[in-house]
Amino acid sequence: MVSLSGSILFPATVLHGCTRFSIWSTDTISSFCYKQRKVVCACIAPPRNMGNNEYPATKFTNLYNSEQFGAVLEPEDDSDILIECRNVYKSFGEKDILRGVSFKIRHGEAVGIIGPSGTGKSTILKIIAGLLAPDKGEVFIRGRRRDGLISDQDMSGLRIGLVFQSAALFDSLTVRENVGFLLYENSTMGEEQILEIVKETLASVGLKGVEDRTPSELSGGMKKRVALARSIIFDITKKSIEPEVLLYDEPTAGLDPIASTVVEDLIRSVHMIGEDALGKPGKIASYVVVTHQHSTIRRAVDRLLFLYKGKIVWQGMTHEFTTSSNPIVQQFASGSLDGPIRY
Ligand SMILES: Nc1ncnc2c1ncn2[C@@H]1O[C@H](COP(=O)(O)OP(=O)(O)OP(=O)(O)O)[C@@H](O)[C@H]1O
């Protein structure tokens, strides 16, 4: 899981008009705060219907139409790539964690990253998010190479949000203040208007009448929904609306099976090809989920990347996961102690 500083409390937002980015951690806010030039509101989101002229709402079911071991079968058209990692390396001290990771996230995709514990899944999310810089290799955001961290560069064109395993809500604030935090801080909207948007966003994740509660009065599943609402709320006064990629780090960890299903369906519902609790199309262009849960793999993602020993060793559609002949995947899918994966 992503754990930047242990205590994950504060929302940090966009810097200097760079890539629209919302993330919730003390580490981030502190590192961003001293670097920030001009904080602008991260609370904008893509159009409600992303199937526009720029990006047709592609169905990805057969995009990568067979499981791949090493080689990747991909569409030739690269115009819909939102994020690309190219040959990314990352070490921590003596530990080589990522050793040449390459993949693309396309507009409309729902991608899962799986693999044994400690293999670097959360590290990849942090690199995509721009919180960690790769030692070697490149990250492209809508075709533009990002150099260093997100705060180092003025990049526009994509909002990237990270939803932590722990909901990372402000304990002392109400649900309304948590969800509307970025709007209260950065928007020109009045209190009444913000409250309306907060209510509508909460309703879109199936929560009503909880605005005045504090996080301690919510269940774990409700907290995750509030965190999701916070990451999809947007500033309706903004003129330009950018697509958003959400990165979920173990979103169902610690939940019972039914609460997991609720969150998995919620992740689907806020996606552009889903429908939220209000019956409106979701706003999220693409998302990436790091998970260990089989139910989340089955229910919430379409395509899988399997990370092992620093590389993507397998990728395929979700339905290919349990039938794969790849011994690493077979062992992981069955949970067997016998196989190439050793602990
Ligand atoms: N900032 C850091 N400094 C030193 N080591 C780190 C740092 N971040 C991660 N690591 C190490 O890198 C390895 C990969 O960590 P990461 O959290 O990315 O793995 P993961 O695949 O998400 O694991 P899990 O499935 O258990 O959550 C681990 O051994 C971890 O201890």
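**Exercise 1. The largest cavity**

Determine how much space lies in the largest cavity of this predicted model, and which elements give two or more residues to its lining.

*Solution.*
Step 1. The largest cavity holds about 80 Å³ of space. A search of the whole structure finds 3 cavities of 30 Å³ or more.
Step 2. The lining consists of V163, F164, Q165, K224, R225, A227, L228, Y248, P251, V263, L266 and I267.
Step 3. Two elements give two or more residues to this lining: helix 6 (220-232) and helix 7 (257-269). Helix 6 supplies the largest share, 4 residues.
Step 4. Sorted by class, the lining has 9 nonpolar, 1 polar and 2 charged residues.

**Exercise 2. The largest pocket**

State how much space lies in the largest pocket, and give the classes of the residues in its lining.

*Solution.*
Step 1. About 200 Å³ of space lies in the largest pocket.
Step 2. The residues that line the pocket are H292, H294, Q331, F332, G335, S336, L337, I341, R342 and Y343.
Step 3. By class, the pocket lining comprises 4 nonpolar, 5 polar and 1 charged residues.

**Exercise 3. A network of salt bridges**

Identify the partners of K104 and D80 in salt bridges, and find which parts of the chain each pair connects.

*Solution.*
Step 1. The partner of K104 is D78, and the closest N and O atoms of this salt bridge are 3.9 Å apart. The cut-off for a salt bridge is 4 Å, so the pair qualifies.
Step 2. K104 belongs to strand 6 (residues 95-106), whereas D78 lies in the loop between strand 4 (39-40) and strand 5 (81-92); the pair therefore ties together parts that are 26 residues apart in sequence.
Step 3. K104 has a relative accessible area of 16% and is therefore buried, since buried means under 20%. D78, at 38% relative accessibility, counts as partly exposed.
Step 4. D80 forms a salt bridge with R106, with the closest N and O atoms 2.7 Å apart. This pair links distant parts of the chain, 26 residues apart: D80 is in the loop between strand 4 and strand 5, and R106 is in strand 6. Both D80 and R106 are buried.
Step 5. D78, D80, K104 and R106 are linked in a network of salt bridges. In the whole structure, the search finds 11 salt bridges.

**Exercise 4. A salt bridge between distant parts**

Describe the salt bridge between E200 and K280, and decide whether each residue is buried, partly exposed or exposed.

*Solution.*
Step 1. In the salt bridge of E200 with K280, the closest N and O atoms are 2.9 Å apart.
Step 2. E200 is in helix 5 (residues 191-204) and K280 is in the loop between helix 7 and strand 12 (286-290); the pair links distant parts of the chain, 80 residues apart.
Step 3. The relative accessibility of E200 is 31%, so E200 counts as partly exposed. K280, at 30%, also counts as partly exposed.

**Exercise 5. A buried residue without a salt bridge**

Locate D249, and state which side chain of opposite charge is nearest to D249.

*Solution.*
Step 1. D249 is part of strand 11 (residues 244-249).
Step 2. D249 is buried yet has no salt bridge. The nearest side chain of opposite charge is that of K126, 7.3 Å away. A salt bridge requires a distance within 4 Å, so D249 and K126 do not form one.
Step 3. The side chain of D249 does have a polar contact of 3.1 Å with the side chain of S122.

Notes: Residues are numbered from 1 along each chain as its sequence is written. This is a predicted model: local features need pLDDT of at least 70, side-chain atom pairs count only at pLDDT 80 or more; totals for chains, interfaces and linings use all residues. Side-chain values use heavy atoms; hydrogens and water are left out. On a 1 Å grid over the protein atoms alone, a cavity is a set of points where a 1.4 Å probe fits but cannot get out, and a pocket is an open set with protein on both sides within 12 Å along at least five of seven lines; lining residues have an atom within 4 Å of a point. Grid points are joined across faces, edges and corners, and a volume is the space filled by probe spheres set on the points. Ala, Val, Leu, Ile, Met, Phe, Trp, Tyr, Cys and Pro count as nonpolar, Asp, Glu, Lys and Arg as charged, and the others, Gly among them, as polar. Buried means under 20% relative accessible area, exposed over 50%, partly exposed in between (1.4 Å probe, protein chains only). Lys and Arg count as positive and Asp and Glu as negative; His and the chain ends are not counted. A polar contact is a pair of N or O atoms within 3.5 Å; within protein, one must be able to donate a hydrogen and the other to accept it, and residues adjacent in sequence count only if both atoms are side-chain atoms.
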